[in-house]
Amino acid sequence: MAQQPVELILVRHLASRLAVPVFVIDASGDLVYFNEPAEQALGRRFEETPPMGHDEWTAAFLPSRSGRPLDAEQTPLMIALRQAMPYHTSLDVLTGDDVWRSVEVTAFPIIAPGDRLLGAVAMFWEAHGA
Amino acid sequence: MRVTFWGTRGSIATPGPETVVFGGDTSCVAIAGRDPGHLVILDAGTGLRRLGNTLPEGIGRIDLLLSHLHLDHILGLGFFAPFFREDLSVTIWAPPSRTPLLDRLSRYLSPPLFPVRLRDVSSQLHLRDAGPEPISSGEFTISAASIIHPDTALGYRIEGSDAVVAYLPDHEPALSPRFPTLRGWTSGAAIASDVDLLIHDGQYRPEEYADHVGWGHSSATDSVAFADLVAARTLALFHHDPGHDDAAVAELTRRARAASHGTRVMAAKQGSTITLGH
């Protein structure tokens, strides 16, 4: 396995210390990490999850907006990656306890020196009322 | 390939009777190959001054690779006498930045901090950012990679025809996820993989590291764990803590040696030379 860029390593290190669910994708859109709060939300452990391309992880987590499922390119992570810009939105996701939950999602690209786009990271917060 | 340690100390020069064995000058390592006219220098700490004073006149080209621009790695630039040899070509490589390297180095090499400016040197001076493409340096091929250390820092891999050396003088791989088990997620693993000699940060005792997490340096035992993970044949502990006298460095090295699972462990000694390959 090739070594991940140090910027992704540090993002994963930070994510592993946070109390909110965090997902990290690499430059090709493959899911390379999610943290323990994300594991609890999904009901599956990262270490037991096989490597997934962006279409696979989108299907696995079933994000939707206003009752309509999002395709892979509409997810905040992929928008942040494709546009190399931060992105924020509200989503409904099916969590591991088989409950649909409304969440706020902020995603931003990981851009290293030399303008190298290395991936994107998304953080989730459960929405509490309108 | 001959590797000579001209400066092994971290953070600040510590000359004195308590550091005569392992050295008091800050980071500077020279790598020479078969070409007597070419030299690779790793970092420009205070050890660079003595290297410059003994540089053979036959050396016509130097590639000077800066791991980063913290003061203990560049302080020797102002005292490198060969900068005033017109027949010498010196290329300084450094981590890439949006700020030109001349401007970054001139923060030190200009009044009021220093009386001489880089533009005043008379050698043929070239300033380059070390990017992702390999550097062709005489008979050596050199790769650079970002590694974990505050501000942008690089590690270097120097490949010769008969040996490979990796240089990561300031590095905290313990911040990598689940260190030291995931090679693909470990900072510096790619450039340090399977080298004959790994020159690596080993500044702290394990109990000291606990109070310095995030400072960008390693305990000697983490340095050994990193060396074992990347299958380095020999580890030279480097960047000795300025608060450690010779006895402390020797004791720290013994503990590191005991923790090794295959890598040969030594402490870098100022003034010593290691010959690798044929």
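1. A word on terms before we start: contact here means heavy atoms within 4.5 Å. Please also keep in mind that this is a predicted model. With that in hand, let us begin in chain A with P21(A). Leaving out residues up to four places away in sequence, P21(A) touches N35(A), P37(A), A38(A), A122(A), M123(A) and F124(A). The residue itself sits in the loop that links helix 1 (6-16) to strand 1 (22-26) of chain A. One of those partners is far off in sequence: P21(A) and F124(A) are 103 residues apart along the chain, yet their C-alpha atoms are separated by 5.4 Å. Is P21(A) buried or exposed? Its relative accessibility is 18%, and buried means under 20%, so P21(A) counts as buried.

2. Staying with chain A, have a look at helix 4, which covers residues 76-83. This helix is mostly covered, with six of its eight residues buried. The buried ones are P76(A), L77(A), M78(A), I79(A), A80(A) and L81(A). Right after helix 4 of chain A comes A84(A), and here the backbone deserves a glance: the phi of A84(A) is positive, near 50°.

3. Now for chain B as a whole. It contains six helices and 14 strands. Its radius of gyration is 17 Å, close to the 19 Å that the globule rule gives for 278 residues, so chain B is as compact as a globular protein of that length. The C-alpha trace of chain B spans about 50 × 40 × 35 Å along its principal axes. Of the 278 residues in this chain, 58% count as buried. Sequence separation is worth noting too: among contacts in chain B between residues at least 6 apart in sequence, 68% join residues at least 24 apart.

4. Next, the sheet in chain B. Seven strands make up an open sheet with mixed pairing, and their order is 6-5-4-3-2-1-14. Which strands of chain B lie at the edges? They are strand 6 (124-129) and strand 14 (273-275), each of which pairs on one side only. On average, and ignoring direction, neighbouring strands of this sheet are turned by 20° against each other.

5. Strand 2 of chain B makes a good way into that sheet. Its residues, 28-32, run antiparallel to strand 1 (residues 2-7) of chain B, and five bridges join the two. Two of the bridge partnerships can be picked out by name: R2(B) is matched with A32(B) of strand 2, and V3(B) with I31(B). Toward strand 3 (residues 38-42) of chain B, strand 2 also pairs in the antiparallel sense, this time over three bridges. There V29(B) has L42(B) of strand 3 as its bridge partner. Strands 2 and 3 of chain B form a hairpin, with five residues between them.

6. How covered is strand 2 of chain B? Five of its five residues are buried, so this strand is largely enclosed by the rest of the structure. In a regular strand, side chains alternate between the two faces of the sheet. Here C28(B), A30(B) and A32(B) point one way, V29(B) and I31(B) point the other way, and all are buried.

7. One step further along the order, the pairing sense is parallel: strand 3 of chain B joins strand 4 of chain B over five bridges. L39(B) has I62(B) of strand 4 as its bridge partner. Strand 4 (residues 61-65) of chain B is mostly covered, since four of its five residues are buried.

8. Finally, helix 6 of chain B and its surroundings. The axes of helix 5 (residues 220-229) and helix 6 (residues 246-259) of chain B come within 9 Å and cross at roughly 35°. The crossing of these two helices of chain B is right-handed. Helix 5 of chain B contributes A220(B), T221(B), V224(B) and D228(B), while helix 6 of chain B contributes L252(B), R255(B), A256(B) and A259(B). By class, the residues of this contact are five nonpolar, one polar and two charged. Just ahead of helix 6, H244(B) lies in the loop that follows strand 12 (234-238) of chain B. With a relative accessible area of 4%, H244(B) is buried. Beyond its neighbours within four places in sequence, its contacts are R9(B), T19(B), Q203(B), Y204(B), R205(B), E208(B), V249(B) and L252(B).

Notes
Residues are numbered from 1 along each chain as its sequence is written. Chains are lettered from A and ligands numbered from 1 in the order in which they are written. This is a predicted model: local features need pLDDT of at least 70, side-chain atom pairs count only at pLDDT 80 or more; totals for chains, interfaces and linings use all residues. Side-chain values use heavy atoms; hydrogens and water are left out. Buried means under 20% relative accessible area, exposed over 50%, partly exposed in between (1.4 Å probe, protein chains only). Two strands pair if DSSP finds at least two bridges between them. Axes are lines fitted to C-alpha atoms, for helices over the stretch in contact, and angles run from 0 to 180 degrees between N-to-C directions. A crossing is left-handed if the near helix is turned anticlockwise from the far one by less than a right angle, and right-handed if clockwise. Ala, Val, Leu, Ile, Met, Phe, Trp, Tyr, Cys and Pro count as nonpolar, Asp, Glu, Lys and Arg as charged, and the others, Gly among them, as polar. The radius of gyration is taken over C-alpha atoms; the globule rule is 2.2 Å times the number of residues to the power 0.38.
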